[in-house]
Amino acid sequence: MTSTSTPPGLARFNVLEEHAAFAVLHEACASTTWARRLLAARPYATADDLFAASDAAMADLGAEDLAEAMAGHPPIGRPKPGDPTSAREQRGMAGASEELQSEMLELNLAYQDRFGHVFLICATGRTGEQMRDAVKERIGNSPEQEREIVRTELGKINRIRLARLVEEEA
């Protein structure tokens, strides 16, 4: 049985002043266009409404907007210092061997040379080996293929981050 009431975190988000709500969204995804689209669609009755709006906004992002969104993500294996979200999402690399960390650094650099941006993957729940294998697999993609994979991965990350927002207690 599902509840029809708005979750507490979502209810709080719905009534935030515009600049505060924008800041919350921009923290979830560095794309200004994405954040503005979600902001304009408030209030949200359910988490699913918020997720659907996020998915629609992500699908419509152009190349510059995707680049802006990706710029908010550190390389895999190098979470932003002092950022608990980044550390939590990249937990799979935290206990990785020096060898794996070194290999990931080299792969990140090769990927960035090829595509012009960080390797982006929804790292939540993945091991270091799984992330390494994914970059090895994806580095052979065309730029067009990779752009759509990145869009999908960003969408997954955004949903996880929005779910945390929705579930937050007072």
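User: Why is the crossing of helix 8 and helix 9 called left-handed?

Analyst: In this predicted model, helix 8 and helix 9 make a left-handed crossing. That label applies because the near helix is turned anticlockwise from the far one by less than a right angle.

User: How do you know that helix 8 and helix 9 are roughly parallel?

Analyst: Set the angle against the cut-off. Helix 8 (residues 98-115) packs on helix 9 (residues 128-138) at about 30 degrees, with the axes 10 Å apart. Angles under 35 degrees count as roughly parallel. The pair therefore earns that name.

User: Which residues make the contact of helix 8 and helix 9?

Analyst: Helix 8 brings Leu100, Glu103, Met104, Leu107, Tyr111 and Phe115. Helix 9 answers with Gly128, Glu129, Met131, Arg132, Val135, Lys136 and Arg138. The contact has seven nonpolar, one polar and five charged residues. Gly128 is the polar one, because Gly counts as polar.

User: What makes the crossing of helix 3 and helix 4 right-handed?

Analyst: Helix 3 passes helix 4 in a right-handed crossing, a name given because the turn from the far helix to the near one is clockwise. The axes of helix 3 (residues 32-40) and helix 4 (residues 47-60) come within 9 Å and cross at roughly 145 degrees.

User: What makes up the contact of helix 3 with helix 4?

Analyst: Trp34, Arg37 and Leu38 of helix 3 meet Leu50, Ala53, Ser54, Ala56, Ala57, Met58 and Asp60 of helix 4. By class that is seven nonpolar, one polar and two charged residues. Arg37 and Asp60 are the charged pair, because Arg and Asp both count as charged.

User: What lines the largest pocket, and which residues lie nearest its centre?

Analyst: The lining holds 24 residues, with Gly72, His73, Pro74, Glu89 and Arg161 nearest the centre. The volume of this pocket is about 270 Å³. Helix 2 (18-28), helix 6 (84-89) and helix 10 (143-167) each supply at least two lining residues. The class count is 12 nonpolar, seven polar and five charged.

User: How do you know that five residues lining the second largest pocket are charged?

Analyst: Asp, Glu, Lys and Arg count as charged. The lining includes Glu27, Arg88, Arg161, Arg164 and Glu168. These are therefore the five charged residues. Five nonpolar residues and one polar residue complete the lining; Thr85 is the polar one, because Thr is neither on the nonpolar nor on the charged list. The volume is about 220 Å³.

Terms used
Residues are numbered from 1 along each chain as its sequence is written. This is a predicted model: local features need pLDDT of at least 70, side-chain atom pairs count only at pLDDT 80 or more; totals for chains, interfaces and linings use all residues. Side-chain values use heavy atoms; hydrogens and water are left out. Axes are lines fitted to C-alpha atoms, for helices over the stretch in contact, and angles run from 0 to 180 degrees between N-to-C directions. Helices (H or I, at least four residues) and strands (E, at least two) are DSSP runs, numbered from the N terminus. Angles under 35 degrees count as roughly parallel, over 145 as roughly antiparallel, 65 to 115 as roughly perpendicular and the rest as oblique. Contact means heavy atoms within 4.5 Å. On a 1 Å grid over the protein atoms alone, a cavity is a set of points where a 1.4 Å probe fits but cannot get out, and a pocket is an open set with protein on both sides within 12 Å along at least five of seven lines; lining residues have an atom within 4 Å of a point. Grid points are joined across faces, edges and corners, and a volume is the space filled by probe spheres set on the points.
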